[in-house]
Amino acid sequence: MKSLRIPLVVLLFPFFFTVVIMAAAGSWLHKVPAAEHHRQNPLSGDPQAVAAGRLLFAEHCAKCHGSDAKGRYDRPSLRSQRVASATDGDLAWLLRNGSLRNGMPSWSSLPEPERWQLIAFLRNLPSDTGRMAGGNHP
């Protein structure tokens, strides 16, 4: 009986492909300027901002990210660890600038207070791991 010899590169390809995709998916975080990274949500902890953000999410975001924010089609979950570990400033930068390469449009047409409301809403969602998405992270 002849043994099969599978080249190492074939065995490692799925791992390599996953790492590349994951790195590309978070590549927008490396583009956020330091001053933007450290911005804090002025509406953090405001229940009215969370409620307003929920409505904005349903109107503008749910068609791509799902009504539960767990992702839809090839769009990512907004309950992910990547989103939870991003600062409020990172998310504000992404909403304003978008990431067209990754399919995220710019929402600069939304007034800044509404973008902060969206972020307040996102921070109140439970994460994929069951923890709250949280607030600013250093």
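## A helical chain, its largest pocket and a loop

Ala69 sits in the loop that runs between α4 and α5. The model is predicted. Ala69 counts as buried, because its relative accessibility is 1%, under the 20% cut-off. Its phi is near 65°, a positive value in a residue other than glycine.

Tyr73 belongs to the loop between α4 and α5 as well. Its phi is near 55°, again positive in a residue other than glycine. Is Tyr73 buried or exposed? Tyr73 counts as exposed, because its relative accessibility is 70%, over the 50% cut-off.

Ser77 is another residue of the loop between α4 and α5. Ser77 is buried, with a relative accessible area of 12%. Its side chain has a polar atom 3.4 Å from the backbone oxygen of Ala69. The Ser77 side chain also reaches the backbone nitrogen of Arg79, at 3.0 Å. Which residues does Ser77 contact, leaving aside neighbours within four places in sequence? They are Ala69, Lys70, Gly71, Val83 and Asp128.

The table sets out four residues treated in this report.

| Residue | Place | Relative accessibility |
|---|---|---|
| His65 | helix α4 | 9% |
| Leu94 | helix α6 | 12% |
| Ala69 | loop between α4 and α5 | 1% |
| Tyr73 | loop between α4 and α5 | 70% |

**The whole chain**

The chain has seven helices and zero strands. Along the sequence the pattern reads α-α-α-α-α-α-α. Of its 138 residues, 36% count as buried. Take the contacts with a separation of 6 or more. Residues 24 or more positions apart account for 63% of them.

**The largest pocket**

The largest pocket has a volume of about 540 Å³. Helices α3 (47-60), α4, α5 (81-85), α6 and α7 (112-123) each give two or more residues to its lining. The lining holds 26 residues. How do they divide by type? There are 16 nonpolar, six polar and four charged residues. Nearest the centre of the pocket lie His65, Pro76, Leu78, Leu94 and Met104.

His65 is part of helix α4, which spans residues 62-65. His65 is buried, since its relative accessible area is 9%, and buried means under 20%. Its side chain reaches the backbone oxygen of Pro76 at 2.9 Å. Residues up to four places away in sequence are set aside for the next list. His65 then touches Phe57, Lys70, Gly71, Arg72, Arg75, Pro76, Leu78 and Met104. Among these, Pro76, Leu78 and Met104 are also listed with His65 nearest the pocket centre.

Leu94 comes from helix α6, residues 88-97. Leu94 is buried too, with a relative accessible area of 12%. Beyond four places in sequence, Leu94 touches Trp28, Ser99 and Met104. Its C-alpha atom is 8.4 Å from that of Leu29, and the two residues are 65 residues apart along the chain. Met104 is touched by His65 and by Leu94.

**Helix α6**

How much of α6 is covered? Helix α6 is mostly covered, with eight of its 10 residues buried. The buried residues are Asp88, Gly89, Asp90, Leu91, Ala92, Trp93, Leu94 and Leu95. They pack against α2 (34-37), α5 and α7. Gly98 follows α6 and has a positive phi, near 70°.

**The nonpolar core**

In soluble globular proteins, nonpolar side chains tend to be buried together. Here the largest nonpolar core has 27 residues. Trp28, Phe57 and Leu118 have the most contacts inside it. Helices α3, α6 and α7 each give two or more residues to this core. Which helix gives the largest share? Helix α7 does, with six residues.

Trp28 links this part of the picture to α6. Not counting residues up to four places away in sequence, Trp28 touches Ala86, Asp90, Leu91, Trp93, Leu94 and Ser99. Of these contacts, Asp90, Leu91, Trp93 and Leu94 are among the buried residues of α6. Phe57, another core residue with the most contacts, is touched by His65.

Definitions and conventions:
Residues numbered from 1 in each chain as written. Predicted model: local features only at pLDDT ≥ 70, side-chain atom pairs only at ≥ 80, totals over all residues. Heavy atoms only, no water. Helix = DSSP H or I, 4+ residues; strand = E, 2+ residues; numbered from the N terminus. Buried < 20%, exposed > 50% of the residue type's maximum accessible area, 1.4 Å probe, protein only. Polar contact = N/O pair within 3.5 Å; in protein donor to acceptor, adjacent residues only side chain to side chain. Contact = heavy atoms within 4.5 Å. 1 Å grid on protein atoms, 1.4 Å probe; cavity = no way out; pocket = protein on both sides within 12 Å on 5 of 7 lines; lining within 4 Å. Points joined across faces, edges and corners; volume = space filled by probe spheres on them. Nonpolar A, V, L, I, M, F, W, Y, C, P; charged D, E, K, R; others polar. Core = buried A, V, L, I, M, F, W, Y, C linked by side-chain atoms within 4.5 Å.
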